[in-house]
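This report concerns the nonpolar core, the strand pairing and the enclosed space of one protein model.

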Amino acid sequence: GQFTSDGDMRLRWDFFQNYLDASDEGLGGPPGVNDSYDLFPYRARLGVQGKFTDRAWGRVELQAGGWFGDPLATTGYPFPNSQPVNFGLVQLYQGFVTVEGGTFDFTAGRKEVVLGNELQIGDNDFYNGLVFDGIDVNGDFSSWDLNLYYKHLNETFAARNDTMLWGADAVINIGSTHIDPYLLLVKSHGAGALGSFGENTELFTFGIAWERPINEERKGWDLNLEAAGQTGDTGPDGAKVDFGGFIFEGWFGWGFGGAGRVHIGYLLASGDDGSDPTASDAWVPLFTDPHANNRLGDLDLFSGFGPNVADPTGAGMTNIQDISIGYNWWGGERSHAMAAVHMFTRPEVAAGANDDIGMELDLSYDYMYAANSRLQIGVSTLFAGDAIKDLTGGQDDNITRIWAQVHLNWGK
């Protein structure tokens, strides 16, 4: 057999201010005490890939991730550090075997799954990644692809109490565009089921995306339009709650070649007005990559990793509307700069409440120092709106994140 190895290392400095209280003074502390803090998250991966026959190959990838000072510093940190980490211990990140069968390939094991632009399923690569255990069947046809998968989300060691994901999606190529329909089912049983989807859950998500990617010359128009709805129910027999959420994400860009690219975007994830206790119209987030494509801003306030001043319940990408505009600039193949403005509101609020969360400004720069190393910096600030002032008793200081990271890789 033939074996190759690869790996990558990412080290970041992250500075946060006012994530919990929108006040430059300490959280519940004396005046003049600043509630800012910084962290140094890291992620290291080492992979080995082997080809056993002309039609069979496999991959094993180990990962360690956390931040400087772990595990002693694993308590007391607010969002975004409630994201899953293994505190410096090495774990199996990916491990799978693929058998190529001509038109269809079959894969079994633990691996990343990426669906389209990662609105529903992503790899969460800005943080410590996201993988799934299960089986994939991938079909490659002349002008379209078909993907079928079963993923075992958790094991409870109790009959019929586990949580599973079934999925089917297609990529249909039409000229320089492609259309991607998909159907996903998250299903959990009995009160012993773990995870965020609740007991006795059947959550169907059906959607379609239409994308025209940015071309190599970065000239002309590009777009992404994706819409999805949800149905099904959750809860014990006799007290079921029906799902009825929907989401739309879209952006349109125009490239000027060396002069850069401008784009406008819109995202709407439905909320629930609370009028019907037997139904919820709120969108239920699945396995979104919250940082991909500057989705909902680089502050990642609506990631679902944990509560913060803009998302006190930590519910993530639900009951949120975002109107955005941005500009991208490329300095050849080695550097890229981005500026974007996001305006956030809540579609559903209580009577008399304000819906304006605020306006976020994002700036970032990415420089390829060498073929296997990149340097990245970013600054994001949310100017608090009336909704945050209401939640915090009038506090309205800016919420800020500053980060800088180096990313090294080899064999990729």
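The core is described below, followed by the strands and the cavity.

The model is predicted, so local features need pLDDT of at least 70 and side-chain atom pairs count only at pLDDT 80 or more, while totals for chains, interfaces and linings use all residues. Residues are numbered from 1 along each chain as its sequence is written, and side-chain values use heavy atoms, with hydrogens and water left out.

The largest nonpolar core (buried Ala, Val, Leu, Ile, Met, Phe, Trp, Tyr and Cys residues joined through side-chain atoms within 4.5 Å; buried means under 20% relative accessible area with a 1.4 Å probe, protein chains only) has 40 residues, of which Ile121, Ile320 and Ile357 touch the most other members. Strand 10 (177-188) is among the elements that supply at least two residues, and with 3 residues strand 10 gives the most. Strands are DSSP E runs of at least two residues, numbered from the N terminus.

Two strand pairings (at least two DSSP bridges between the strands) involve strand 19 (residues 356-370).

| Pair | Sense | Bridges | Opposite residues |
|---|---|---|---|
| Strand 18 and strand 19 | antiparallel | 11 bridges | Met343 and Met359 |
| Strand 19 and strand 20 | antiparallel | 12 bridges | Leu361 and Thr381 |

Strands 19 and 20 form a hairpin, with 2 residues between them.

The largest cavity has a volume of about 40 Å³, the space filled by probe spheres set on its grid points. A cavity is a set of points on a 1 Å grid over the protein atoms alone where a 1.4 Å probe fits but cannot get out, and lining residues have an atom within 4 Å of a point. Strand 12 (residues 219-234) provides the largest share of the lining, 4 residues. Trp221 and Arg261 are among the lining residues.

Conventions:
Buried < 20%, exposed > 50% of the residue type's maximum accessible area, 1.4 Å probe, protein only. 1 Å grid on protein atoms, 1.4 Å probe; cavity = no way out; pocket = protein on both sides within 12 Å on 5 of 7 lines; lining within 4 Å.
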